[in-house]
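Here is a short briefing for a modelling reader. Please look at the structure first, then use the points below as a guide.

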Amino acid sequence: MDTLLTDIDFIDNRSAEQAACETKVSPETSTGNTRKLYIESYGCQMNFSDSEIVSSILLKEGFDTTSDLNKADVVFLNTCSIREKAEQTVRMRLSQINSLKKTNPELIVGVLGCMAERLKSKFLEEEKLVDLVVGPDAYRDLPNLISKVDDGDKAVNVLLSREETYADITPIRLNSNGVSAFISIMRGCDNMCSFCVVPFTRGRERSRDPHSILAEAQDLVAKGYKEVTLLGQNVDSYKWTSEDGKEYVNFAGLLERVALVSPDLRVRFSTSHPKDITDEVLYTIKKYENICKYIHLPVQSGNSRVLELMNRTYDRDWYVNRVDAIRRILGEDCGISSDMIAGFCTETDEEHQDTLSLMDYVQYDYSYMFFYSERPGTLAARKFEDDIPLEVKKRRLQEIIDKQREISYKRNLLTIGQVHKVLVEGPSKKSEEQLSGRNDQNKVVVFPKGNFKKGDYANVRITSCSVGTLIGEPVL
Ligand code: SAH
Ligand code: SF4
Ligand code: F3S
């Protein structure tokens, strides 16, 4: 299979945390607990963040995490349903894991996350060796569900909640580099993009109490973290009112409060929705040096008719207006990235050209690019025929990818000669003598190590670049 054409999730300038189809495995922790949990997470940052909550809940129940499948008493796959391929990957992994049961019949295998929510108890029928199926809002029930399985039963809880935000649970940071962490600020999604399974797997939108968000950010600063990313499917619709009705916080207000936690703490956020991002948010980003000048603003398509079929509730002109506002308020340097879907139902070649021309207009720093994958139960699956042949979808996707590579490189060339503030994340992939980190715009910057170390801020003059990386020298 040509991986470049099947389900391209990124071009090579995205940081590892953002890779949409990345897999993360729990690290080794040892607090002296006797049972071992191995957890493998798929999909988006929300899922990675949820795995940290799951580990926290189970730590109190006598579990340490392990990165070694063979040592595990419980194996969880935290799954994603966003595209068919994501589900296929999980099924393949499940069959591998189930073969471990032959040598260890006591092993408990559980499926968590979006696929668990979508398939519910059908999972137990389809995958006979799965013991546990738990949806994203039911993780507090895990200790009880595991004890049911210990007693020889199968266990399912896929209830969605209108309130659950896990606000009081301090996540166990899995796979964190100790510099950067995610903070979940809301759950669920109330939009109904016709292609998207998320509203079905994650339920209604709800915002987390800002006081618990701030406490989490403060705790991270105390532990030496230098960057937080506020997570939600649509962060711009964050809203919270205190029970007595006296305190109201919207996303701009939350961003400001988090920025004030420490001037040394970088603040990022994802994902912004074009219909909801306000000038107030943009002015808040401008006001604080430590809020990164980088916005992930998925467009999906550059054609207004397709956007309407997608039920995105904005058209091309609206989107262009939001991009113009970003450039006006935050300047040409502000990083902008996007998600794009090629070959949505009934999309013509001309409409596909509109996506390419919009990319030329916006000059995205990078994009996550996919071809349309029909998901059972979504509005599009019920209302439209998935009528674009696979070869056409793949060709259009490749055109989008080629265009993005060209634009990414052009945008990177513009930085040559400039000095960028880089938060060091660790040694570069290629050499221990080089460090790697990211600038404000979320671009990876590689430079000679000198006396810098992980967690430092370094001013780096950019001297050259590739499509995915900026290369430079520290300015002392
Ligand atoms: N809440 C975010 C997106 C979350 S899903 C937003 O609204 O932008 C991440 C991306 O997956 C989407 O932006 C979309 O580009 C892609 N995606 C979602 N459903 C898809 C499908 N059925 N086929 C192909 N790509 C899809
Ligand atoms: Fe899916 Fe749309 Fe919600 Fe994003 S905003 S999660 S694409 S329904
Ligand atoms: Fe996948 Fe669920 Fe995230 S479907 S993209 S893991 S919200």
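The points below cover ligand surroundings, cysteines, one helix face, backbone geometry and a few distances.

This is a predicted model. Three ligand shells come first. Ligand 3 draws at least three shell residues from each of domain 1 (8–157) and domain 2 (180–413). A search of the whole structure finds 0 disulfides.

**Ligand 1**

- Ligand 1 is surrounded by 15 residues. The closest are Phe195, Gln233, Gln300, Asp339 and Ser373.
- Asp339 places a polar side-chain atom 2.5 Å from an oxygen atom of ligand 1.
- Ser373 uses its backbone: a polar atom there is 2.7 Å from a nitrogen atom of ligand 1.
- Arg312 has a side-chain N or O atom 3.1 Å from an oxygen atom of ligand 1.

**Ligand 2**

- The residues around ligand 2 are Cys189, Asn191, Cys193, Phe195, Cys196, Val198, Pro199, Gln233, His273 and Arg312.
- By class, this shell holds 6 nonpolar, 3 polar and 1 charged residues.
- Phe195 and Gln233 are in the ligand 2 shell, and they are also among the closest residues to ligand 1.
- Arg312 belongs to the ligand 2 shell, and its side chain also makes the 3.1 Å approach to ligand 1.

**Ligand 3**

- Around ligand 3 sit Cys44, Asn47, Cys80, Ser81, Ile82, Cys114, Val198, Arg202 and Gln233.
- The class split is 5 nonpolar, 3 polar and 1 charged.
- Val198 and Gln233 line ligand 3, and both appear in the shell of ligand 2 as well.
- Cys44, in the ligand 3 shell, is partly exposed, at 33% relative accessible area.

**Cysteines and Arg411**

- How many disulfides does a search of the whole structure find? The count is 0.
- A disulfide is a covalent bond between the sulfur atoms of two cysteines.
- Cys292 shows how one cysteine misses out. The closest cysteine sulfur to that of Cys292 is in Cys334, 10.0 Å away, so the two are too far apart for a bond. The cut-off for a disulfide is 2.5 Å.
- Cys292 is buried, with a relative accessible area of 1%.
- The backbone oxygen of Cys334 has a partner: the side chain of Arg411 reaches that oxygen at 3.4 Å.
- Arg411 is part of helix H15 (residues 390–413). With a relative accessible area of 10%, Arg411 counts as buried.

**Helix H6**

- Helix H6 spans residues 142–150. Its buried residues are Leu142, Pro143, Leu145, Ile146 and Val149.
- Viewed down the helix axis, these buried residues of H6 fall within an arc of 165 degrees, so they line one face.
- Gly152 comes just after H6 and has a positive phi of about 100 degrees.

**Backbone geometry to check**

- Most residues other than glycine have a negative phi, and most peptide bonds are trans.
- Where is the place of Asn311? Asn311 sits in the loop between helix H11 (304–309) and helix H12 (316–330).
- Asn311 is not a glycine, yet its phi is positive, at about 60 degrees. Its relative accessibility is 31%, so Asn311 is partly exposed.
- Gln363 also has a positive phi, near 60 degrees. Its loop runs between helix H13 (349–362) and strand E17 (366–371).
- Is Gln363 buried or partly exposed? Gln363 counts as buried, at 18% relative accessibility, because the limit for buried is under 20%.
- The peptide bond from Ser270 to Thr271 is cis, with omega near 15 degrees. Thr271 lies in the loop between strand E14 (266–270) and helix H10 (279–287).

**Sequence separation and distance**

- Thr201 lies in helix H7 (residues 198–202). Thr201 is buried, with a relative accessible area of 0%.
- Thr201 and Arg322 are 121 residues apart along the chain, and their C-alpha atoms are separated by 29 Å.
- Asp190 is in the loop between strand E9 (186–187) and H7. Asp190 is partly exposed, at 39% relative accessible area.
- Asp190 and Asn234 are 44 residues apart in sequence, with a C-alpha to C-alpha distance of 9.0 Å.

Key: Residues numbered from 1 in each chain as written. Chains lettered and ligands numbered in written order. Predicted model: local features only at pLDDT ≥ 70, side-chain atom pairs only at ≥ 80, totals over all residues. Heavy atoms only, no water. Buried < 20%, exposed > 50% of the residue type's maximum accessible area, 1.4 Å probe, protein only. Helix = DSSP H or I, 4+ residues; strand = E, 2+ residues; numbered from the N terminus. Arc of directions from axis to C-beta. Near = heavy atom within 4 Å. Nonpolar A, V, L, I, M, F, W, Y, C, P; charged D, E, K, R; others polar. Domains from an automatic or database assignment. Polar contact = N/O pair within 3.5 Å; in protein donor to acceptor, adjacent residues only side chain to side chain.
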